[in-house]
Amino acid sequence: MSRILEEQSYVFEAPYLRAKKEQARGRQVIGITPMFFPEELVHASGALPIILQENNEPVTLGMSHYHHFFCGFTRSIVDLAVKGGLDFLDAFILSDFCFEMRQISNTLRRHLQFPIIYIQWPLEANENRWVDWIVRRLQRCATKLEEITGNKITDEALKNSVSLYNQNRALFRQIYKLRQAKPGIISTKEMQALVISSMVSPVEESNKYLQELMPELEKAESTGGNKVKVFLSAHLCQAVKADILDLAEDMGGVLVGDDLYTGSRYYSTDVALNGSYLEAFARRYLNSDVFAPAGSCPQHDWPDHIIQAT
């Protein structure tokens, strides 16, 4: 395994380790729930944005605070909050994309002692109807972030943040194409570790690692051979269990693509660098190349999208 890939594997057991080190140096850390809140907005405020991950530990104390039949990710976040596992955060952004996420809001407010910013996303990808609606909500979020961090979110800061995250997305897309062209040069578990690492660590650091990894992957030879090429499709906003990914490949498959949130959905679409950045964030959400199937996206037929992606 590459040194870089090995270093990023920590995210499966201790995803917030890197963020806590950054916080110890004096930087504020702001947690975000999946899926679509622009990390650039937090980064431009000077804080470190981290996207919360499902905990590997069994849900125990949280069971008495939340519905048992809701998704594993939201149950895990509630359980972690009840146990004090999120107390290191300086603030929390609840990005509401589904009913389960909305339902954890009141529970988290009772157990978290830091500011919570709430934003709801429309489930319909319709620019004419929703761009202004999203922009107004992002503006309220920006104002709250400025109050929490004590820093003004300027256009210059936003431009820098958008450039860094666009670079991050572009690097991931390059790796994705290499992986399709040369199956087996990077496992799905390793690819997922890279994406999760970028979600929970400074984007500048993630870009550095990806740039260092690229030459290694370009030189690597495909190990796919006659293995069955697999495309992994799911609407999950959490990572797929690493053991399942290993099992698929141990059984003779080689995963060459996905539409996961901890995969291509996360890095598929850039943010425009011209005009209003808040509007650009809204349009990126409404025009994502890999829109979440839990929403309504008339311009994307899901079966056709998967066929084209493979």
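The legends below describe close-up views of a predicted model.

**View 1. The open sheet and its four strands.** In this predicted model, four strands form an open sheet, and their order across it is β2-β1-β3-β4, with parallel pairing. The edges are taken by β2 (48–51) and β4 (116–120), each of which has a single partner strand, so one side of each is left without a neighbour in the sheet. From one strand to the next, the twist averages 20 degrees.

**View 2. Strand β3 beside strand β4.** Strand β3, which covers residues 91–96, is joined to β4 by five bridges, and the two strands run parallel. Within this pairing, the residue that stands opposite S95 is I119 in β4.

**View 3. The crossing of helices α6 and α12.** Two packed helices are described by the angle between their axes and the distance between the axes. Here the axis of helix α6 (residues 127–149) and that of helix α12 (residues 277–286) come within 9 Å and cross at roughly 130 degrees. Because angles from 115 to 145 degrees fall outside the parallel, antiparallel and perpendicular ranges, α6 is oblique to α12. The crossing in which α6 passes α12 is right-handed.

**View 4. The residues in contact between α6 and α12.** On the side of α6, the contact is made by E127, W130, V131, I134, V135, L138 and Q139, while α12 contributes L278, E279, F281, A282, R283, Y285 and L286. Sorted by class, the contact of α6 with α12 has ten nonpolar residues, together with one polar and three charged residues.

Key. Residues numbered from 1 in each chain as written. Predicted model: local features only at pLDDT ≥ 70, side-chain atom pairs only at ≥ 80, totals over all residues. Heavy atoms only, no water. Pairing = 2+ DSSP bridges. Axes fitted to C-alpha atoms, helices over the stretch in contact; angles between N-to-C directions. Parallel < 35°, antiparallel > 145°, perpendicular 65-115°, else oblique. Left-handed = near helix turned anticlockwise from the far one by under 90°. Contact = heavy atoms within 4.5 Å. Nonpolar A, V, L, I, M, F, W, Y, C, P; charged D, E, K, R; others polar.
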